[in-house]
Each structure stands twice: as C-alpha cells, then as structure tokens.
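Open the model in your viewer and follow along. Each stop tells you what to select and what is there.

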Amino acid sequence: MIQATRTNLLLLKERRHAVINCTTILKGRRQALIKKFLEIGRPLITSREETRQHYGQGIDALQTSIGLEGQDYIASLALISQRHLGVTVTQTNILGLHYYDLQEVESVRRTLVERGYDYPSTTPRLDETLHLFETIIEEMLAMARYEGMFRRIGDELLRVTRRIRVLEERVQPALKSEIKDITHYLAERERETYYRMKLFKKRATGGRQH
C-alpha cells in the first residue's frame, strides 16, 4: 500500500483521470472496429452463400457434361487447360491493423481462346461449366481477402474489449478505493491535529489565567 500523503493522493487522482481517458479512447476504437467488422462481415456472409450456390450449380453442370461428353474427354480438357494461378501476398493495414492481403497475378476467368483447347469442338454447356468453376475460384480468392481482414479485426476487437474490462473492473475500482482510504486517513489526521491544537491553546490560555 502506498504512503498516505497529499502528494500520493494527487498522483492517484491524476492516474485515475488518465485511466478514464484511456478507457474512453478504447471505447471509441471499439466502436470503429465494430462498424468495420459489420461492414466486412455482411458482404462476406453474402459471398459465401453465393459461392455455395455457384458450387452446387457447378457440380450439377459438371455431372451433366461428364454424362454428355464422357469423363475421359473432360479429363483431357482439364489436362490441356490447367495452369498455376499465381497470387501475390502483400502486407497492408486497416484502422492501424496490419494484415496480409492477396492479389491475383492474372484474371482467373479466361476467354475460350485463352483456355488453350479446341473450343469449336466443345459444347456451349461445357464452356459454361468451365466458366462457372472459374467464377467460383475467383469468389473464393475474394473471400480469402475478406477473411484476412475479418479475422484481424475480430482479434483486435477481443483484445480491446479485454483491456476495457480490465480498466473498468479492476484498475478503476482499485484506484477509487485507494483514493477513498487516503482521503479518509488525511481527514482523520486533520481532525486529530485540530483537536490537539485546540487542546494546546486551551491549556496555554489557562496557564496565563493562573
């Protein structure tokens, strides 16, 4: 326990004022994080639902194409048109939070010519199936970008909330209690001093009368 002096009392009051200001700043930051969290969360949920639907449509379209074209033919087209899709990873920040972002080196979706097979010999249904799967990959990469931001903001939101809780539930009550104890102690000491001075004055006055 710190020594009960007026200097320490002033220091404790200044510290409590600083803690209250810090808590207010953290609450403002938490509000900004929540707003951004919701801005990113809503399109992310929508994108997941759209991708889930596109994936279901893609699987159905692929099964139909395999039935019409044959599995060996589809496999040969996949072998011809396969490629390594490159992405670059860059570090960026949002609200002062650093996170890794993905950027496509080239577009996922390709034209019929860019796919590298003899497209006049394929059916429009098969071309549409390939286009649908390229769209799914593109959406998945976009979701990966959103999830990176989403996870980083979520982690920071938890950290800020924990700090606010510690300041409000532990630090501020402890400071308030110490300030109260020292104030009470100083007040008692002043009363004792006043009583002693009064007693001393009374005795001094009585001595002159006799």
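Start with Glu 39: select it and show its surface. At 41% relative accessibility, Glu 39 is partly exposed. Keep in mind that you are looking at a predicted model.

**Stop 1: a pair within one helix**

Add Lys 36 to your selection. Lys 36 forms a salt bridge with Glu 39, and their closest N and O atoms are 3.4 Å apart. Why are the two about one helical turn apart? Lys 36 and Glu 39 both sit in helix α1, and they are separated by about one turn because they are 3 residues apart there. Lys 36 is partly exposed too, with a relative accessible area of 27%.

**Stop 2: a pair between two helices**

Stay in helix α1, which covers residues 6-69, and go to Arg 6. Which residue is its salt-bridge partner? Select Glu 190: the closest N and O atoms of this salt bridge are 1.9 Å apart. Glu 190 belongs to helix α3, so this pair links distant parts of the chain, 184 residues apart. Now check the accessibility of both. Arg 6 is partly exposed at 46% relative accessible area. Glu 190 is partly exposed at 45%.

**Stop 3: a buried pair**

Next, select Arg 110 and Glu 134. Their side chains meet in a salt bridge, at 3.4 Å from N to O. This pair also links distant parts of the chain: Arg 110 is in the loop between β2 and α3, while Glu 134 is in helix α3, 24 residues apart. Are these two buried or exposed? Arg 110 has a relative accessible area of 17%, and it counts as buried because the cut-off is under 20%. Glu 134 is buried as well, at 7%.

Now highlight Arg 29, Glu 156 and Arg 159. Salt bridges that share partners join these three into one network. The count for the whole model comes to 13 salt bridges.

**Stop 4: the largest pocket**

Turn on a pocket display, if your viewer has one. The largest pocket holds about 460 Å³ of space. Which residues lie closest to its centre? Select Ser 81, Arg 110, Leu 130, Phe 133 and Glu 134: of the 18 lining residues, these are the closest to the centre. You have met Arg 110 and Glu 134 already, as salt-bridge partners.

Colour the helices next. Helices α2 (71-81) and α3 (124-209) each supply at least two residues of the lining. The largest share comes from α3, with 6 residues. Then colour the lining by class. You should find 11 nonpolar, 3 polar and 4 charged residues.

**Stop 5: the hairpin**

Finish with the strands. Select residues 87-94 for β1 and residues 97-104 for β2. How do the two strands pair? They run in the antiparallel sense, over 8 bridges. Try following two of the partners across. Thr 90 has Asp 101 in β2 as its bridge partner. Val 89 has Leu 102 in β2.

Last, look at the turn. The hairpin of β1 and β2 has 2 residues between the strands. Click on Leu 95 and read its backbone angles: Leu 95 takes a positive phi near 55 degrees.

Note on methods:
Residues numbered from 1 in each chain as written. Predicted model: local features only at pLDDT ≥ 70, side-chain atom pairs only at ≥ 80, totals over all residues. Heavy atoms only, no water. Pairing = 2+ DSSP bridges. Helix = DSSP H or I, 4+ residues; strand = E, 2+ residues; numbered from the N terminus. 1 Å grid on protein atoms, 1.4 Å probe; cavity = no way out; pocket = protein on both sides within 12 Å on 5 of 7 lines; lining within 4 Å. Points joined across faces, edges and corners; volume = space filled by probe spheres on them. Nonpolar A, V, L, I, M, F, W, Y, C, P; charged D, E, K, R; others polar. Salt bridge = Lys/Arg side-chain N within 4 Å of Asp/Glu carboxyl O. Buried < 20%, exposed > 50% of the residue type's maximum accessible area, 1.4 Å probe, protein only.
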